[in-house]
Amino acid sequence: MGPPTGGPPSGPSGGPPPRVPFWRQPKKLLIIALAALLFAAGAGSVLGYLLTFDIPEVKHLQDWKPPVVTTIYSADGQVLYQFGAEKRIVVGLDQIPKEFLEALVATEDSHFYEHFGVDPWGIARAIITDIIRFKKAQGGSTITQQLARSLFLKPEKTVRRKLQEMVLAVQIEKAFTKQEILGFYCNQVYMGHGRYGIEAAAEYYFGRPAKEMALPESALLAGLVQRPEAYSPFRAPDKARSRRDHVLNRMVEENKISRDVADPAIASPVIVAKLPEEDNIAPYFVEEVRRYLDSKYGEVTLYEEGLEVHTTLDASMQKAANQAVFEGLRTLDKRQGFRPIKENVLKDGGDLATFTHVTWTKPPSAGRLRWGVVTEVTRKTATVKLGEYTARFGPEGIDWTQKSIPNQVLKVGDVSPFLVVSIDEPKKELKVKLDQEPLVEGALLAIDPATGEIKALVGGYDFNRSEFDRSMQSYRQAGSAFKPFVYTTALDSGNTLADTIFDEPTVFVDPATGDEYQPSNYYRKYYGVTTLREAMEESRNIVAVKLLNQVGYSRTIDTARKMGISSPLRPYPSMALGTMEVSLIDLTTAYSIFPNQGVRVEPHFIRYVADRDGTMREEAKPKVIEVLRADIAYLMTYLLEGVTESGTGALAARELNRPVAGKTGTTDDLADAWFVGFSPSLVAGVWVGFDQKKSLGEGETGARAALPIWIGFMKGALKGKPEESFPRPANVVYVPIDRRTGLRATVESSCPVTFHEAFLEGTEPAKACSATEHFRISLPYYLQRFEATSDLELTLDAEALVRLVSEGQGDVELQPGGRELLVHHDGQDLLVKLDIDRADRRQAEDSLEGGDGPAVDPKPSPTPEGTAPTHFGVDGRPAKVIPIHYD
């Protein structure tokens, strides 16, 4: 029987047929291939997602705006300061030298123009080098990868970050041209010392724009990219040169330049700009600008969007202000005495050999302070270490301490500031004097009166010690510096500078409450007949308060408000003496009206602000207000000129030798010292005091503590500038008057001191001076009220004579015969003849001697405008009582 049909063929031994391998089975092979493909796609998708889920899209580079510093410029275009973590100036590729681009490519990425963002050969070369050196030495990153890393990735060193870097580099290459990538890179790359991008680096290292760099400079900056701080020409000039030469040789190897071009560049020395002075010359001014910008534009705009802020500050004036405050406060502090040095290295457990001070990183500067440590001291000399410099001095170095033996003042290990007098750089030796940081504070503010621009601002002795701006934020009593508001009101009310007010013991009484106020003059004397000019020049307090009471409190406050005083003012007699608190900027602004012919221009410190694209964000348009008539402003200017010529500020005119005007200010307790003054084109105010109100010390008035600072500043600020005159309005005339009496001086009057006073036309004095007036004005104040005859005799009756002799402290004696008075005044004895009839003479003699004649009551009952027997002056004579005339 044959085999069955239709069944499977049988093997040789009758078993199952052999299996066919899967690779010979097309269907299975296709299924496996599809599965593997799907798995790879899925894995790739997952890997791609893991690599890219947290990185940005490179298309945003199209709108790339890197953080750019906000730059503050002075009025003449100097950079004052920059705000921002990354100091960068963005420029177009056309502003970058071709040599720099070629040097960069030759050194950092020689296949830049061939690869697609990632350089496989570069990676392989880096791996081989790493293996040979057994450490991670080569990065293998292309310029595009470096750009991707700095723009989009964190600085961590992981495989994932490296893969992300490659992905981004490829995407960047797809989206942008090579030239665009180079442009991004050159503005983004870090170049050391806080500078980002080629432009900021060129400005910093060479002091000029990138487009002006020569080949050696381009090669130097290209070499910085790898290790900016290590190759800094400031910190490591030898390494910087070696790296530059390497870049030049790479350019030859890559056929970017010829050997003939490279060799001269290699032979050239590394020349960089002088290390920029990092100190901020106007820290208080810059901080005012920063606060304003922050409040108006916000932090992001301020610190990242690259505002260009052009300010009003004059750099040379600011330096003069810094120096004036620096010297003035230290001089005042030394008058208050030497304070024993508290810091000592040895006492604190330190070692002289290893001691360093933070200030020693900067070179010394003549005329500035430098901290030092005493390493040796004897009775004759002291040796001081000041960083890499040393100094030796004898008694001359401590003369201001009132000591002459160094070891009575200094101990080994003492740490103190020293004033650098001169520098011997080759020997690393300094000539110094012991100094000390002042405890007292001060402020200075200078304004151009015609424009309102703030030209200089110092808010304190040291910004690092205290950021509180005493020129803008502090409110202190102005003392006599407030008096010009009273006198301005008086002149505007029709008074003249020749008008007189009687200076005598005076009590002002509030009719509603009965409160009393009795002012006194600084030297605690009384002067009788006093012109408004003399009262201002000599800063007579009683006259100022009387004048305020006459012209009105409301009117004076209104004048002060219109002139710029914004702080609270209370209508009270002491307001005339500046007991109300004001700010230095308000007071200085108010004084600026006088030289500006009555016009107040709102003070400001910014001219304009532009964004990084040059679009104007704001421009100064200060308010301009006519506050005073030009003629009144000139009269006040002419009056305040007298203060600087013959009054409390007389030192100013002599020192400056040009027309200036101003007023001192001192508070009763000597806690505040002021001087505010001006030339025709510059007004400046100075305040000196302690933050916690206390006396500056005996005799520390505005003239002694503040005026020298003002003079020092004005000398520097006006140096080299032509002399100017204050413009006189056409309706102001000059008339010769007697300076003491205020009466018209004539040939017949033979006035001892004449003066050409300024008057509004039609207000000149008509009465002429005379010998009789000269005689009367020469007497003590309490005799000046009486009439005098042409024979130079005082006309008195019995009652007046008795009062004169009985009042006071024995300074007036009636001589035998009753026809003369012996007056003891200012250390001298004066015989004053009397014009008195016989009956009055006898009656007065009887009353004074206790005789049998009719008695004379020397103290009549008081009246509102009469003598007050319960109030007396410092000389024991009765004070005059005047009610306060509130308006």
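Hi everyone. Let me start with two residues in the middle of things: Asp672 and Arg476 are both buried. They are also partners, because their side chains meet in a salt bridge, with N and O 2.9 Å apart. Asp672 sits in strand β24, residues 672-678, and Arg476 sits in strand β13, residues 476-477, so this pair ties together parts that lie 196 residues apart in sequence. Please keep in mind that what you are looking at is a predicted model.

Now let's step back to the whole protein. How many helices and strands does the protein have? There are 24 helices and 33 strands. The protein has 887 residues, and buried ones make up 51% of them. Take the contacts between residues at least 6 apart in sequence: 67% of these join residues that are at least 24 apart.

Back to charges. Side chains of opposite charge can pair when their charged atoms come close. Searching the whole structure turns up 48 salt bridges. One of them joins Arg607 to Glu453, and here the closest N and O atoms are 2.9 Å apart. Arg607 belongs to strand β20, residues 606-610, while Glu453 is in the loop between β11 and β12, and the two are 154 residues apart. Are these two residues buried or partly exposed? Arg607 has a relative accessible area of 29%, so it is partly exposed. Glu453, on the other hand, has a relative accessibility of 11%, so it counts as buried.

Another pair to find on your screen is Glu504 with Lys546, whose side chains meet in a salt bridge at 3.1 Å, N to O. Glu504 is in the loop between β14 and β15, and Lys546 is in helix α16, residues 541-551, so the pair ties together parts 42 residues apart in sequence. Both of these residues are buried.

Salt bridges can also link up into a network, as they do for Glu287, Glu288, Arg290, Arg291 and Asp294.

Next, a charged residue without a partner. Asp503 is in strand β14, which covers residues 500-503. Which side chain of opposite charge is nearest to Asp503? That is Arg540, 4.6 Å away, and Asp503 has no salt bridge even though it is buried. The cut-off explains why: a salt bridge needs the nitrogen within 4 Å of the carboxyl oxygen. Asp503 does have plenty of company, though. Leaving out residues up to four places away in sequence, it touches Asn521, Tyr526, Tyr527, Gly528, Thr530, Arg540, Ile542, Val543 and Tyr781.

Let's turn to helices. Two packed helices are described by the angle between their axes and the distance between the axes. Our first example is α2, residues 98-108, with α6, residues 178-188: their axes come within 12 Å and cross at roughly 90 degrees. That is why α2 counts as roughly perpendicular to α6. On the α2 side, the contact is made by Phe100, Leu101, Leu104 and Val105, and on the α6 side by Leu182, Tyr185 and Cys186. What classes do these residues fall into? Seven are nonpolar, with no polar and no charged residues in this contact.

An α-helix has 3.6 residues a turn, so residues three or four places apart point the same way. You can keep that in mind when you look along α2. This helix is mostly covered, with nine of its eleven residues buried. Among the buried ones are Phe100, Leu101, Leu104 and Val105, and also Glu102 and Glu108.

The second example is α9, residues 237-253, with α10, residues 259-267. Here the axes come within 9 Å and cross at roughly 175 degrees, which means that α9 is roughly antiparallel to α10. From α9, the contact uses Arg241, Arg244, Asp245, Leu248, Asn249 and Val252, and from α10 it uses Arg259, Ala262, Ala265, Ile266 and Ala267. By class, that gives six nonpolar residues, one polar and four charged.

Last stop: the loop between α9 and α10, where we find Glu254. Its relative accessibility is 26%, so Glu254 counts as partly exposed. Which residues does Glu254 touch, not counting those up to four places away in sequence? They are Ala106 and Ser110. Glu254 and His111 are 143 residues apart in sequence, yet their C-alpha atoms are 10.0 Å apart in space.

That's my tour. Thanks for listening!

Technical notes
Residues are numbered from 1 along each chain as its sequence is written. This is a predicted model: local features need pLDDT of at least 70, side-chain atom pairs count only at pLDDT 80 or more; totals for chains, interfaces and linings use all residues. Side-chain values use heavy atoms; hydrogens and water are left out. Helices (H or I, at least four residues) and strands (E, at least two) are DSSP runs, numbered from the N terminus. Buried means under 20% relative accessible area, exposed over 50%, partly exposed in between (1.4 Å probe, protein chains only). Lys and Arg count as positive and Asp and Glu as negative; His and the chain ends are not counted. Contact means heavy atoms within 4.5 Å. Axes are lines fitted to C-alpha atoms, for helices over the stretch in contact, and angles run from 0 to 180 degrees between N-to-C directions. Angles under 35 degrees count as roughly parallel, over 145 as roughly antiparallel, 65 to 115 as roughly perpendicular and the rest as oblique. Ala, Val, Leu, Ile, Met, Phe, Trp, Tyr, Cys and Pro count as nonpolar, Asp, Glu, Lys and Arg as charged, and the others, Gly among them, as polar.
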